[in-house]
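Here are some notes for a colleague who is meeting this structure for the first time. They start with the ligand, move on to the empty spaces in the protein, and end with two points about the backbone.

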Amino acid sequence: MNKKTIRDIDVHGKRALVRVDFNVPMDKATHRILDDTRIRAALPTIAYLREHGASVVLMSHLGRPDGKVVDDLRLAPIAARLAELLAVPVPCATDVAGPSAHAVVAAMKPGGVAMLENVRFERGEERDDPELAKQLAAFGDVYVNDAFGTAHRAHASTAGVAAYLPAVAGLLMEKEIDYLGRVVSDPVRPVVAIIGGAKISTKIGVLRHLLSKVDVLLVGGGMASTLLKAQGVDVGASLVEDGQLDDARAVVAEAASRGVGLALPQDAVVAERFAADAQPRTVGIDAVPPGWMILDVGPETVRAYEAKLAPAKTVVWNGPLGVAEWPAFAQGSVAVARFLAASPATVIIGGGETVALVTELGLAPKYAHVSTGGGASLEFLEGRTLPGVAALLDREPGR
Ligand code: ADP
Ligand code: MG
């Protein structure tokens, strides 16, 4: 990564103002944290800073309070969970930059950890208001961005604050950029991308960018239906975005002209209704019955995709190959998840639903990297600059 990290600066005796992404799923009624993966993912950075004599002021958002105080979206339960994980107290302010925040930060000792209130309670956060950024900057001597999942947003706590403090990446941010970077810059070949998910419109940019990077592109999920229809296949009542047919044709043409092996499903698991209990039937791709819809890739497609994945040295997977939430239509995604778990390739998994699937299967530890940032990983794979990364200090060349 061409950005400085916490390892490149002296943090001893300093207050590190750290943006984390603790936007975890919570049970609305009980305020119980349903999955603390994102909290655990920030532990290496917090531990490093404390071990090197810094105190740590954490900021995060939770949900979409839209610039207002929403009691259900307070961070106290998250601070409590973090305190358990760190086995130290983590006092949590009841405001973002007001008297409570000042008191909590002022009471901190070296090695201490404290948390500000949900930054999106402040209207200035999502507007990247320089006033709010300045107020936040007053809580630190250095700024650390470890919130990869929010790095595609230019907000006060993710980008604006970097104008007022020396700004570096945390260890999670570094790991995310390092692994996703292995796909788009000088990858170890052959590199294969598997792109699935619901809508082609949300991933057309990724498809296009990856065409210039990968050797093989395997497509599944709802988005494959638009590509199939663009190729003249009758996909029945499948999810098709007719407005994307031209772009889909352009992707096919570009793959051909670049010599990228673009693979589409050869068979499918279809159903008459979009429902978990719909009766599944496996058909060849040119035999989708009228009025039926494609809800998963079929076994022949899985075999063909596995054959293309076998020689890969680098694999990136974003988006399930079928409606993986429903067991009857999860088989393609599950088979590929298992195949990749046993693959010697560097496998990088991104995308909210894809990550949820491999986590549920207990396979997450088997891959080189499972991204914590859905939207951010997509924008990165589209080749876009992430504002939260761009705002950080550049590493000096040659070091
Ligand atoms: P990710 O979050 O991993 O990036 P997406 O958000 O793009 O993935 O898409 C995930 C959704 O795509 C899942 O909810 C899944 O049900 C849906 N999906 C996958 N295949 C199909 C299909 N054939 N038809 C309709 N929806 C599909
Ligand atoms: Mg998703």
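**Notes on the ligand site, the spaces and the backbone**

1. The space that ligand 1 takes up is the second largest pocket. The model is a predicted one, and the values below should be read as computed from it.

2. Which residues come nearest to ligand 1? Of the 19 residues around the ligand, those that come nearest are Lys-203, Ile-294, Glu-325, Glu-353 and Thr-354. When the residues of this shell are sorted by character, 7 are nonpolar, 9 are polar and 3 are charged.

3. Three polar contacts of the ligand deserve a look, and two of them involve side chains of residues already named. An N or O atom in the side chain of Glu-325 is 2.4 Å from an oxygen atom of ligand 1, and an N or O atom in the side chain of Thr-354 is 2.5 Å from an oxygen atom of the ligand. With Ala-198, by contrast, the partner is a polar backbone atom, which is 3.0 Å from an oxygen atom of ligand 1. On its own the ligand has 580 Å² of accessible area, and the protein covers 86% of this.

4. As for the elements that build this shell, at least two residues each are supplied by helix H9 (221-230), strand S11 (293-297) and helix H13 (352-360). The largest share belongs to H13, which gives 3 residues to the shell around ligand 1.

5. The largest pocket has a volume of about 970 Å³. Its lining counts 41 residues, and those nearest the centre of the pocket are Arg-38, Ser-371, Thr-372, Gly-373 and Gly-374. In this lining 14 residues are nonpolar, 17 are polar and 10 are charged.

6. Which element gives the most to the lining of the largest pocket? It is H13, with 5 residues, and H13 also gives the largest share of the shell around ligand 1. At least two residues of the pocket lining are likewise supplied by each of helix H1 (37-41), helix H7 (171-184), strand S14 (369-370) and helix H14 (374-381).

7. Besides the pockets, the count of cavities of 30 Å³ or more comes to 1, and the largest cavity has a volume of about 60 Å³. Its lining consists of Asp-21, Arg-38, Ala-42, Asp-146, Ala-147, Phe-148, Gly-149, Leu-172 and Thr-372, which divide into 4 nonpolar, 2 polar and 3 charged residues. Arg-38 and Thr-372 can thus be found in the lining of the cavity and also among the residues nearest the centre of the largest pocket.

8. Two places in the backbone may be worth checking in the view. Arg-189 and Pro-190 are joined by a cis peptide bond, with omega at about 0°, and Pro-190 belongs to the loop between H7 and strand S6 (191-195). The other place is Ala-87, a residue other than glycine whose phi is positive, with a value near 60°; Ala-87 is part of the loop that runs between helix H3 (76-86) and helix H4 (99-106).

Key:
Residues numbered from 1 in each chain as written. Chains lettered and ligands numbered in written order. Predicted model: local features only at pLDDT ≥ 70, side-chain atom pairs only at ≥ 80, totals over all residues. Heavy atoms only, no water. Near = heavy atom within 4 Å. Polar contact = N/O pair within 3.5 Å; in protein donor to acceptor, adjacent residues only side chain to side chain. Areas by Shrake-Rupley, 256 points an atom, 1.4 Å probe, with all protein chains shown as cover. 1 Å grid on protein atoms, 1.4 Å probe; cavity = no way out; pocket = protein on both sides within 12 Å on 5 of 7 lines; lining within 4 Å. Sits in = over half its atoms within 2 Å of the grid points. Helix = DSSP H or I, 4+ residues; strand = E, 2+ residues; numbered from the N terminus. Nonpolar A, V, L, I, M, F, W, Y, C, P; charged D, E, K, R; others polar. Points joined across faces, edges and corners; volume = space filled by probe spheres on them.
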